[in-house]
Amino acid sequence: MTRRALLGSAAAAGLAAAGCSSTPEKPAAPASPDPQTVLLTSLIAGKEELVSLYGRAVAAQPARAAALEPFRRRHAAHLQALRALLPAGGGAGTFPASSTPPASSTAPPPQSPSAASVETLRNAERRAASARPAQMATASPALSQLLASIGACEAVHVVALGRVRD
């Protein structure tokens, strides 16, 4: 037998053995979501809820609409800035349905329109502002800077809402 024939038969035997393997190859595990994208998605959800809460407060207290609208607009601007940092295709549809937002989510608890008082807004702002330092600890530098600004704004909202009466 020639050397060439021997190598050819060895290669064929190796290919045949690989195709007849008793253990099927495991499919590649799906890549885990990027922690920054998960954090951003959670922050966006919290901001959407805060903007919605202001909308419910205005609906429940139309006489306070002029006083509350500047707060809502600032939160809408925060929401826009957060969405600008979200990578393309990084929306909520990117994550499995079982994925839950991090414990640092700032979404206020669901409220009925009648319960959206100025005090409810102050409490939501206070919770959001107090969550920012922990969120900054895991955020990128650019997101940390934005979160610091957002947290400062929310802290000022707590004080300013104290001047708005129910």
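This section describes the helical architecture of a predicted model, with attention to the packing of helices H2 and H5 and to the surroundings of His157.

The protein chain contains 5 helices and 0 strands, and its elements follow the order α-α-α-α-α along the sequence. Of its 166 residues, 33% are classed as buried. Among contacts in the chain with a separation of 6 or more, 84% are made by residues 24 or more positions apart.

Two packed helices are described by the angle between their axes and the distance between the axes. For helix H2 (residues 35-60) and helix H5 (residues 141-161), the axes come within 13 Å and cross at roughly 20 degrees. Angles under 35 degrees count as roughly parallel, and H2 and H5 are therefore assigned to that category. The crossing of the two helices is left-handed.

The contact of H2 with H5 involves 9 nonpolar, 2 polar and 2 charged residues. On the H2 side, the contributing residues are Gln36, Leu39, Leu40, Leu43, Lys47, Leu50 and Tyr54. On the H5 side, these residues meet Leu143, Leu147, Ile150, Glu154, His157 and Leu161. Leucine thus appears on both sides of the contact, for instance as Leu43 in H2 and Leu147 in H5. The charged residues are Lys47, contributed by H2, and Glu154, contributed by H5, whereas the polar residues are Gln36 in H2 and His157 in H5.

Tyr54, a member of this contact, also takes part in the 1 aromatic pair that the structure holds. The ring centres of Tyr54 and Phe71 lie 6.1 Å apart and the ring planes are at 10 degrees, so the pair is stacked; the limit for this class is under 30 degrees. The pair links distant parts of the chain, with Tyr54 in helix H2 and Phe71 in helix H3 (residues 65-85), 17 residues apart. Both Tyr54 and Phe71 are buried.

His157, located in helix H5, is one of the residues that meet H2. Its relative accessible area is 1%; as buried means under 20%, His157 is assigned to the buried class. When residues up to four places away in sequence are not counted, His157 touches Tyr54, Phe71, Arg74, His75 and Glu125. Both members of the stacked pair, Tyr54 and Phe71, are therefore included among the residues that His157 touches.

Conventions. Residues are numbered from 1 along each chain as its sequence is written. This is a predicted model: local features need pLDDT of at least 70, side-chain atom pairs count only at pLDDT 80 or more; totals for chains, interfaces and linings use all residues. Side-chain values use heavy atoms; hydrogens and water are left out. Axes are lines fitted to C-alpha atoms, for helices over the stretch in contact, and angles run from 0 to 180 degrees between N-to-C directions. Helices (H or I, at least four residues) and strands (E, at least two) are DSSP runs, numbered from the N terminus. Angles under 35 degrees count as roughly parallel, over 145 as roughly antiparallel, 65 to 115 as roughly perpendicular and the rest as oblique. A crossing is left-handed if the near helix is turned anticlockwise from the far one by less than a right angle, and right-handed if clockwise. Contact means heavy atoms within 4.5 Å. Rings of Phe, Tyr and Trp (its six-membered ring) pair if their centres lie within 6.5 Å; planes under 30 degrees apart count as stacked, over 60 as edge-to-face and the rest as tilted. Buried means under 20% relative accessible area, exposed over 50%, partly exposed in between (1.4 Å probe, protein chains only).
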